[in-house]
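Got your viewer open? Here is a short tour, one selection at a time.

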Amino acid sequence: MPSGDPSSPDATTLPTLGDRVVVWVGAPLLGAGAGWLLRYVAGWAASLPWTPFEGPLRLIESIPPTAFTIGAVVVGVVAGLVLAVIADEYTVKIVIDDQRLSIAHRSSRQELPRSAVAVAFLDAKQLVLLGHDTEELVRQGGDLPRPRPLAEAFLAHGYPWRAEGDPHREEFRRWADGHPDLADAAHAYLRARARALEKGDGDDAEQLRQELARLGLAVREEGKRQFWRRAGRRAEESET
């Protein structure tokens, strides 16, 4: 049986089945509840001395109560299911065991052997895995599992989890376009990445981060500001 597979008896899957059930059952139930309450809210709003939506509210009141309630509940359930689908799409799914781990987010999937990971930690709202040459193997944002279960899963399978965060945080320097410490190619990628961050294009920003990693640079951002440090064998070669 392959390691890092959710069918493995030793694997930990995040989010847990319970967390996913809460989303898939809770969202439709909340939608149904909102639909059931809509007629009462509409009636209360219509009774106010002044309301900007008097016409639509009166229309709602004119619909037979039973038909309106059934229709509103059905629409609420459908809306809840749509929200659950969207939430599941953006949820980061992690499967981890003693030999391997996999991280899936939307259309991307990454797999790593346990032996490649030197340290794991949370950096703000991103999961970061470093290799033995301080290079960033993974920097994953998105809707991550809750911090405590995430840390417990890594520790339970023997991964070196660092609760204090990035051990190399003080090495990061803010990027300034044209600074002589960086090669022209690095500046070109960082400029392109700055534009991607400005547009909110996370996929493009991630691809450019990987290109920078091949040049021996680790990159993180705070808002739209980018910070970099040298990492990996390529960085060592560039300094010698």
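Two strands count as paired here if DSSP finds at least two bridges between them. With that in hand, select residues 173-174, which are strand 8, together with residues 225-230, which are strand 10: these strands run antiparallel and are joined by two bridges. Within that pairing, look for Arg174, which sits opposite Phe227 of strand 10. Keep in mind as you click around that this is a predicted model.

Keep strand 10 selected and add strand 9, residues 217-222. This antiparallel pair is joined by six bridges. Leu217 is a handy place to start, as it stands opposite Arg230 in strand 10. Now follow the chain from strand 9 to strand 10: the two make a hairpin with two residues between them. Click Gly223 in that turn and you'll find a positive phi of about 65°.

Time to zoom out. Show the whole protein as a cartoon and you should be able to pick out seven helices and ten strands. There are 240 residues in the protein, and 38% of them count as buried. Take the contacts with a separation of 6 or more: 57% of them are between residues 24 or more positions apart. Switch to a surface view, and you are looking at about 13,900 Å² of accessible surface, with 59% of it belonging to carbon and sulfur atoms.

Stay with the surface and select Leu17, Val21, Val23, Trp24, Val25, Leu29, Leu81 and Val85. Together they make a nonpolar patch with about 710 Å² of accessible area. Which helix gives the most to the patch? That's helix 1, with six residues. Helix 1 and helix 3 (65-90) each supply at least two. Click Val25, a patch member that lies in helix 1. Is Val25 buried, partly exposed or exposed? Its relative accessible area is 43%, so Val25 lands in the partly exposed class, between the 20% and 50% cut-offs.

Next, go just upstream of helix 1. Pro15 is in the loop between strand 1 (12-14) and helix 1 (17-46). Check the peptide bond from Leu14 to Pro15: it is cis, with omega near -5°. That deserves a second look, as most peptide bonds are trans.

Now for the interior. Select helix 4, residues 147-156, and color its buried residues: Pro149, Leu150, Ala151, Ala153 and Phe154. What covers these buried residues? Turn on strand 1, strand 2 (93-96), strand 3 (100-105), strand 5 and strand 6, which are included in the cover. Then step past the end of helix 4 to Gly158, which has a positive phi near 80°.

Two more backbone stops. Most residues other than glycine have a negative phi. Ala124 goes the other way, with a positive phi of about 60°. You'll find Ala124 in the loop between strand 5 (119-123) and strand 6 (126-130). Ala124 is at 70% relative accessibility, so it counts as exposed.

Last, move along to the loop between strand 6 and strand 7 (136-140) and select Thr134. Thr134 also isn't a glycine, yet its phi is positive, near 70°. With a relative accessible area of 25%, Thr134 is partly exposed.

Technical notes
Residues are numbered from 1 along each chain as its sequence is written. This is a predicted model: local features need pLDDT of at least 70, side-chain atom pairs count only at pLDDT 80 or more; totals for chains, interfaces and linings use all residues. Side-chain values use heavy atoms; hydrogens and water are left out. Helices (H or I, at least four residues) and strands (E, at least two) are DSSP runs, numbered from the N terminus. Buried means under 20% relative accessible area, exposed over 50%, partly exposed in between (1.4 Å probe, protein chains only). Contact means heavy atoms within 4.5 Å. Accessible areas come from the Shrake-Rupley method with a 1.4 Å probe; for residues, only the protein chains shown count as cover. Patches are made of residues with over 30% relative accessible area and no salt bridge: like charges are joined within 9 Å, nonpolar side chains (Val, Leu, Ile, Met, Phe, Trp, Tyr) within 5 Å. A salt bridge is a side-chain nitrogen of Lys or Arg within 4 Å of a carboxyl oxygen of Asp or Glu.
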